[in-house]
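This report looks at one sheet and at two threonine residues, taking the pairing of strands and the surroundings of side chains in turn. Please keep the sequence and the structure in view while reading.

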Amino acid sequence: MFDFAVWRVFWIVLGFIGVGAALTFPPSRDVSDHYTFELVDREVKHGSGTTVLVRLVDERTGKVVPDATLFISRLDMSPHGMGAMEAPLEPLPDTLPGYYRFETDLSMVGGWALTLAAKLPGEADPIHRRLVLQAIQ
């Protein structure tokens with residue numbers, strides 16, 4: 001009629017097949033997870049002509065990544081619930097490979113969110129990051 005031993009062996013074999021497939025095909029990690037933008041200084045003076053310096057780092061090697069093409073850059077006060085309050089953000093010429101400078105006018109003291117998106121050489125997907133800096137007196 002119904003042989004429980006056969007079914008038990010069937011489920012054990014099926015389990016081994018599932019584990020083998022999981023080990024053979026590990027979940028893919030998004031390549032953009034390997035890269036991060038880092039603020040060189042988390043605190044900057046508020047006011048006109050403030051410079052914000054960011055580096056792009058490959059977390060696997062700890063080295064900066066030169067030649068990224070930034071296509072989104074935005075600075076706003078969303079950390080304080082005022083996302084509509086933006087500051088101008090002007091890219092400046094690079095002085096060091098892998099470091100990206102911006103000039104801005106921070107009208108208020110407090111937290112500012114810097115949102116960046118970049119296309120990296122040799123990578124299919126762009127990276128998107130949001131960094132929070134503090135404008136101080």
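Is Thr50 buried or exposed? The model is a predicted one, and in this model Thr50 has a relative accessible area of 8%, which lies under the 20% limit for a buried residue, so Thr50 is counted as buried.

## Thr50 and its surroundings

Thr50 belongs to strand β3, which covers residues 47–58. Its side chain reaches the backbone oxygen of Lys45 at 2.8 Å, and Lys45 also appears among the residues that Thr50 touches once those up to four places away in sequence are set aside. The other residues touched by Thr50 on that basis are Val44, Phe102, Glu103, Thr104 and Leu106.

## Thr104 and its surroundings

Thr104, one of the residues touched by Thr50, is found in strand β8, which spans residues 99–106. Thr104 is buried because its relative accessible area is 1%, where the cut-off for a buried residue is under 20%.

When neighbours within four places in sequence are left aside, the contacts of Thr104 include Gly47, Ser48, Gly49, Thr50 and Val52, and they also include Leu75, Ala87, Pro88 and Leu89. For Pro88, the separation from Thr104 is 16 residues in sequence, while the C-alpha to C-alpha distance between the two residues is 5.4 Å.

## The five-stranded sheet

Five strands form an open sheet in the order β2-β10-β9-β5-β6, and the pairing within this sheet is mixed. Its edge strands are β2 and β6, the latter made up of residues 82–87, and each of these two strands pairs on one side only. From one strand to the next, the twist averages 40°. Strands of a sheet pair through backbone hydrogen bonds, and they can do so in a parallel or an antiparallel sense.

## Pairing on the two sides of β10

Strand β2, which comprises residues 43–45, runs parallel to strand β10, which comprises residues 127–136, and three bridges join the two. Lys45, whose backbone oxygen is reached by the side chain of Thr50, stands opposite Ile136 in β10.

Strand β9, formed by residues 110–119, pairs with β10 in the antiparallel sense, and this pairing extends over nine bridges. Two positions illustrate the register of β9 and β10: Ala113 stands opposite Val132 of β10, and Thr115 has Arg130 of β10 as its bridge partner.

Key. Residues numbered from 1 in each chain as written. Predicted model: local features only at pLDDT ≥ 70, side-chain atom pairs only at ≥ 80, totals over all residues. Heavy atoms only, no water. Pairing = 2+ DSSP bridges. Helix = DSSP H or I, 4+ residues; strand = E, 2+ residues; numbered from the N terminus. Buried < 20%, exposed > 50% of the residue type's maximum accessible area, 1.4 Å probe, protein only. Contact = heavy atoms within 4.5 Å. Polar contact = N/O pair within 3.5 Å; in protein donor to acceptor, adjacent residues only side chain to side chain. Axes fitted to C-alpha atoms, helices over the stretch in contact; angles between N-to-C directions.
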